Amino acid sequence: MSEFEKYMPFENRLDLTVLYEKMAAVKAEVKKVIVGQDQLLDMLLISILASGHSLIEGLPGVAKTLSAKLVSKTIASDFKRIQFTPDLMPSDVTGSSILDLKTNEFIFKRGPIFANIILIDEINRAPAKTQASLFESMAERQVTVDGETYFLPTPFIVFATQNPIEHEGTYRLPEAQLDRFLFKIDVHYPDQEQELLILKEHHLQKAQDKEALVQQVVSSQEIADFQRLIKSIYVHDEILVYIAHLISKTRNNPNLTLGASPRASIAILESAKASAALNGRDFVTPEDIKKVAFAVLGHRVMLTPEKEMEGFTTDYIIDQIIASIEIPR
């Protein structure tokens, strides 16, 4: 029984039928190609519904780029992919003013950032100046060039990938930029059973291009409508207290030198609403908070040097914090 069917007897105040069915169709299309990675797929859909950007981190070959590309392919929208390299300039992302020889005036030529969904591959390969060109776009959905402001289309979502083990020719993302990402999603290797299924499907595929089978099942206008609908998901006051308590605990934890900001608490709230809607509910539960907490907080809190040297991870500390807080009933 799906989450949607389980909560049907309670009769939602919001009609989430179309949203639920469309997101289920997106999953079905992506799963024509991707084996496993259910957590990654769910988090990408939640980030879309919550109007947030996602940083996808994982080892080479775990379908980071492919998953984001296929999710984008199911949406009838303007999609652009940007490969970040050390020689990439800010104008290569945002666009630049060029001289029109016919009118002898400068006109603005829009860069690839002017699209509904942007896939940035290997985001940590570009230098700081190019990274900075993304700040305004990701935070305010606009670009300022030569004193002129240009608004980005709606919806506007950035998916970015990076490899955590390769350091040669890469640049560490500044904390301010990391904070612009709603989620940092860690992608792991598939288990042995999934690995076997990947091999079998690849062998049976032969010359067939399975990516070509993935169809558009939802429009960009529908996504924008879903994003507005998410805002009306019901949140009980005790859930708000639960989120505030969780964020406060990150700021007073002796194992952390940097706690979460108010932007993190808002990110948990909005992504929890999207998680509820993805499961067919028009109300948030503590489980929604737990589901999104690691992806929201993992890149926003910082371990003390001692704990980092001891091999602790931010996920471990976040798990401890969540376990220490009484769950609202």
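Which residue takes a positive phi in the hairpin of β7 and β8? In this predicted model, that residue is Asp146, with a phi near 50°. Two residues lie between the strands of the hairpin. Strand β7 spans residues 142-145 and strand β8 residues 148-151; the two run antiparallel and are joined by four bridges. Across the pair, Thr144 of the hairpin stands opposite Thr149 in β8.

Helix α12 comprises 12 residues, 286-297. From its first C-alpha to its last, α12 reaches 16 Å, close to the 16 Å expected at 1.5 Å a residue. Its buried residues are Pro286, Asp288, Ile289, Val292, Ala293, Ala295, Val296 and Leu297. An α-helix has 3.6 residues a turn, so residues three or four places apart point the same way. The cover over the buried residues of α12 includes the helices α3 (38-49), α10 (237-251), α11 (262-278) and α14 (314-324), together with β10 (183-187).

Several of these elements recur in the analysis of open space. The largest pocket has a volume of about 1000 Å³. Its lining consists of 39 residues, among which Glu57, Lys184, Asp186, Gly298 and Thr314 are the closest to the pocket centre. Two or more lining residues come from each of α3, α7 (175-178), β10, α12, β13 (302-303) and α14. By class, the lining of the largest pocket divides into 16 nonpolar, 13 polar and 10 charged residues.

The second largest pocket has a volume of about 450 Å³ and is lined by 20 residues. Nearest its centre lie Val33, Ile34, Val35, Leu66 and Ile198. Helix α8 (residues 192-205) supplies the largest share of this lining, six residues. The lining of the second largest pocket has 11 nonpolar, four polar and five charged residues.

Enclosed space was examined in the model as well. Rolling a probe the size of a water molecule over the atoms shows where empty space is left. Two cavities of 30 Å³ or more are present in the structure, and the largest has a volume of about 40 Å³. Val30, Ile34, Gln37, Leu40, Leu41, Leu44, Ser67 and Val71 line the largest cavity. Helices α3 and α4 (64-73) each supply at least two residues of this lining, with α3 giving the most, three residues. Six of the residues lining the largest cavity are nonpolar and two are polar, and none is charged. Ile34 thus appears in the lining of the largest cavity and among the residues nearest the centre of the second largest pocket.

Notes
Residues are numbered from 1 along each chain as its sequence is written. This is a predicted model: local features need pLDDT of at least 70, side-chain atom pairs count only at pLDDT 80 or more; totals for chains, interfaces and linings use all residues. Side-chain values use heavy atoms; hydrogens and water are left out. The expected span of a helix is 1.5 Å times one less than its number of residues. Buried means under 20% relative accessible area, exposed over 50%, partly exposed in between (1.4 Å probe, protein chains only). Contact means heavy atoms within 4.5 Å. Two strands pair if DSSP finds at least two bridges between them. On a 1 Å grid over the protein atoms alone, a cavity is a set of points where a 1.4 Å probe fits but cannot get out, and a pocket is an open set with protein on both sides within 12 Å along at least five of seven lines; lining residues have an atom within 4 Å of a point. Grid points are joined across faces, edges and corners, and a volume is the space filled by probe spheres set on the points. Ala, Val, Leu, Ile, Met, Phe, Trp, Tyr, Cys and Pro count as nonpolar, Asp, Glu, Lys and Arg as charged, and the others, Gly among them, as polar.
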